[in-house]
Amino acid sequence: MRTLVTGGTGYIGAELVRHLLERGDDVVTFGPSSNPGRIADIAKDIAVVRGNTAYASEVFNVVKDHRIERIFHLGSMLSSPSQADPWASFQVNVVGTVNVLEAARLFDVPQLIFTSTIGTFALGAGTVATDHTIQRPATMYGSGKLYCECLGRFYRSRFGLDYRAVRFPSVVGPGTTQRTVAQYNSWMIEYPALGKPFECFVTRETKGPAMYFKDAVRSLWMLADAPRERIEMLNYNVAGLDPTPMAREVEAAVRAHIPEAVVTYNPDPVIMDYYRTARIETFDDTCARKEWGWLPEYTTIEALVPDFINEVRVNPNRYGL
Ligand SMILES: NC(=O)c1ccc[n+]([C@@H]2O[C@H](COP(=O)([O-])OP(=O)(O)OC[C@H]3O[C@@H](n4cnc5c(N)ncnc54)[C@H](O)[C@@H]3O)[C@@H](O)[C@H]2O)c1
């Protein structure tokens, strides 16, 4: 299968590309840099195309030139950069996704898998968010992603595109570089594994839904593989850790393996402002489980931490560490 992964050299995209290669796909990545970064070791086996989703012709060219049969659309600005530059975020995340949808329509790509976010829920969401919870995001990132979820539904009903999407909670794993609100989970594990002190920027009691990066990648290909007739909800919550751990519980799980870990707390008022309004504790993924058999492999922080530490120590290059 000739598969395009936008954002394929990023944190989640790079792992997805590895998986697709193992399955025998011909993989093309598309993004602003021609540097394969996290997939440098397999760059010879894939096509790395430089481009910007905000420019329709660049998206059309890559889809047409490589006769793409399936698209995983991960290319995006994340939450913090979108807040800092909402105008660029609109171009990349909204116009960019329209361009990807249009490319799929114009060049007869049968399937498009999109990556949305828990950030599409916000105002009025209670402590549990299901696929039926009303989505009223208050950020540029969440608003843009929600609009794209709706557009995907439109392209499916109007043009027959096999559009499907997951909404990730915070994705925990090695080698994340952006200081988004929930990134403390990843760095709380990664820094001690590398022998570095970590100053946590939320309080000990802070918690937000999270999943392991290996599960996030698995959810993408499981969703893509599911029979079309099983797909009804289209945009699916996918969850991982249950119950959601507090920062101090992540620290305790790390300390069980690295007793000498140095972790201090210095809550960032801006980030804590976010946690005062973000009340979701349970990210309910019942529809994904029912419709396409979704089941995360890492459901406790105690199971996640040793695997994460092992990845950091055994494969640092793979994660740019
Ligand atoms: N990491 C998380 O916790 C998380 C949570 C919810 C949703 N997501 C979604 O998952 C997807 C992957 O995110 P990630 O965590 O791997 O982030 P990342 O920043 O590592 O990857 C994003 C990728 O998009 C690319 N990109 C940025 N601007 C682009 C543009 N104009 N055109 C084409 N590509 C562009 C970047 O180069 C990068 O490769 C994103 O769509 C993100 O919104 C991530």
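Here are a few exercises on this structure, each with a worked solution.

This is a predicted model, where local features need pLDDT of at least 70, side-chain atom pairs count only at pLDDT 80 or more, and totals for chains, interfaces and linings use all residues. Residues are numbered from 1 along each chain as its sequence is written.

**Exercise 1. Work out the strand order of the open sheet, and say which strands stand at the edges.**

Solution.
- Start with the order: the open sheet has seven strands, running 3-2-1-4-5-7-11 with parallel pairing. Strands (E, at least two residues) and helices (H or I, at least four) are DSSP runs, numbered from the N terminus. Two strands pair if DSSP finds at least two bridges between them.
- Now the edges: strand 3 (47-50) and strand 11 each have a single partner strand, so one side of each is left without a neighbour in the sheet.
- Add the twist, which averages 20° from one strand to the next. Axes here are lines fitted to C-alpha atoms, for helices over the stretch in contact, and angles run from 0 to 180 degrees between N-to-C directions.
- Zoom in on one pair: strand 5 and strand 7 (residues 162-168) run parallel and are joined by seven bridges. Phe114 sits opposite Ala165 in strand 7.
- Finally, look at the packing: helix 4 touches strand 1 (2-6), strand 4 (70-73) and strand 5, and its direction makes about 170° with that of strand 4. Contact means that the C-beta atoms of two residues, placed from the backbone, lie within 7 Å.

**Exercise 2. Is Asn237 buried or exposed, and which residues is Asn237 in contact with?**

Solution.
- Place the residue: Asn237 is in strand 11.
- Count neighbours: Asn237 has 27 other C-beta atoms within 10 Å, so it is buried. The cut-offs are 20 or more other C-beta atoms within 10 Å of its own for buried, 12 or fewer for exposed, and partly exposed in between, with C-beta atoms placed from the backbone.
- List the contacts: leaving aside neighbours within four places in sequence, they are Ala129, Thr130, Asp131, Arg167, Phe283, Asp284, Asp285 and Ala288.
- Check one of these along the chain: Ala129 is 108 residues apart from Asn237, yet their C-alpha atoms are separated by 8.5 Å.

**Exercise 3. Find where the backbone does something unusual at Asp108, Leu234 and Pro243.**

Solution.
- Recall the background: most residues other than glycine have a negative phi, and most peptide bonds are trans.
- Take Asp108: its phi is positive, about 55°, and it lies in the loop between helix 4 (86-106) and strand 5 (111-117). With 11 C-beta neighbours inside 10 Å, Asp108 is exposed.
- Take Leu234: its phi is positive too, near 70°. Leu234 is in the loop between helix 7 (213-225) and strand 11, and is partly exposed, with 19 other C-beta atoms within 10 Å.
- Take Pro243: a cis peptide bond joins it to Asp242, with omega about 5°. Pro243 is in the loop between strand 11 (235-237) and helix 8 (247-255).

**Exercise 4. Describe the shell around the ligand.**

Solution.
- Pick out the nearest: of the 26 residues, Gly7, Gly10, Tyr11, Gly75 and Ser76 come nearest. A residue is near if its C-beta atom, placed from the backbone, lies within 6 Å of the molecule.
- See who contributes: helix 1 gives the most, three residues.
- Sort by type: eleven are nonpolar, 15 polar and none charged. Here Ala, Val, Leu, Ile, Met, Phe, Trp, Tyr, Cys and Pro count as nonpolar, Asp, Glu, Lys and Arg as charged, and the others, Gly among them, as polar.
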